[in-house]
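I open this notebook page to keep track of what I looked up, beginning with charged side-chain contacts and ending with pockets.

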Amino acid sequence: GRHDLEKAIRDAGGPNVVAARLGWKLGYKKRKPRGYWDDFNNVAREIKDFMEKHVTEPSLIPSRSRFEKEQRYDIARTIERWGGINEIADLMGLDTPRRQGNKIRVKAWQEHTNQVAEATGLQGRELYRKGCETYVA
């Protein structure tokens with residue numbers, strides 16, 4: 001391969017920087033920096049952001065299959081690296097969807113957010129935040 005080009009791109013700040021300077025879009029999604037997932041604050045922030053974006057029940061961590069359904073394999077893999085869904089849920093002060101009685105909570109949350117959406121026209125993060133303000137578990 002063209003190691004001289006690889007080195008020049010790396011020295012210029014990496015593929016993302018070079019592509020931006022040239023006005024190009026990369027054919028792949030921007031990656032997180034090395035070691036990003038080693039910091040639990042980043043893990044928790046990504047999970048909370050996912051929960052807001054997908055309007056999930058605020059006291060329950062989404063299941064691995066939910067992350068995968070939304071093509072967030074990075075989060076799903078990271079959860080396993082950190083010891084699994086139960087470990088992450090405990091560290092974040094959340095419960096898991098599989099513990100007894102939580103399916104009822106998920107259904108109640110979905111009904112609540114549907115009512116809020118119908119009444120306000122809100123979606124996404126705004127719906128999540130309004131739902132959290134008005135939800136009584």
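The entries below take salt bridges and then pockets, and I keep in mind throughout that the model is predicted.

**Entry 1, salt bridges.** I searched the whole structure and found 14 salt bridges, of which I wrote up a few in detail.

I began with lysine 7 and aspartate 11, whose side chains meet in a salt bridge with an N to O distance of 2.6 Å. Both residues belong to helix α1, which covers residues 3-11, and they sit four residues apart, about one turn of the helix. I then looked up their accessibility: lysine 7 is partly exposed at a relative accessible area of 44%, while aspartate 11 is exposed at 53%.

Next I turned to glutamate 52 and arginine 125, a salt bridge in which the closest N and O atoms are 3.7 Å apart. Glutamate 52 is in helix α3 (residues 40-53) and arginine 125 is in helix α8 (residues 124-134), so this pair ties together parts that are 73 residues apart in sequence. Why do I call glutamate 52 buried? Its relative accessible area is 18%, and buried means under 20%. Arginine 125, with 28%, is partly exposed.

The third pair I noted is arginine 66 with glutamate 70, joined by a salt bridge at 3.6 Å, N to O. Arginine 66 is partly exposed, its relative accessible area being 26%, and glutamate 70 is partly exposed as well, with 29%. I also recorded a network in which salt bridges with shared partners join Lys32, Glu46, Arg72 and Asp74.

**Entry 2, the largest pocket.** I noted a volume of about 500 Å³ for the largest pocket. It is lined by 15 residues, and those closest to its centre are Arg31, Lys32, Trp37, Asp74 and Arg77. Two of these names, Lys32 and Asp74, I had already written down as members of the salt-bridge network. Helix α5 (residues 73-81) supplies the largest share of the lining, five residues. By residue class, I listed 10 charged, three nonpolar and two polar residues in this lining.

**Entry 3, the second largest pocket.** Here I recorded about 370 Å³ of space and a lining of 17 residues, with Thr56, Glu57, Arg66, Val106 and Gln110 nearest the centre. Arg66 returns here from the first entry, where it was paired with glutamate 70. Which element gives the most to this lining? I found that α7 does, with six residues. The lining divides into nine nonpolar, six polar and two charged residues.

Definitions and conventions
Residues numbered from 1 in each chain as written. Predicted model: local features only at pLDDT ≥ 70, side-chain atom pairs only at ≥ 80, totals over all residues. Heavy atoms only, no water. Salt bridge = Lys/Arg side-chain N within 4 Å of Asp/Glu carboxyl O. Helix = DSSP H or I, 4+ residues; strand = E, 2+ residues; numbered from the N terminus. Buried < 20%, exposed > 50% of the residue type's maximum accessible area, 1.4 Å probe, protein only. 1 Å grid on protein atoms, 1.4 Å probe; cavity = no way out; pocket = protein on both sides within 12 Å on 5 of 7 lines; lining within 4 Å. Points joined across faces, edges and corners; volume = space filled by probe spheres on them. Nonpolar A, V, L, I, M, F, W, Y, C, P; charged D, E, K, R; others polar.
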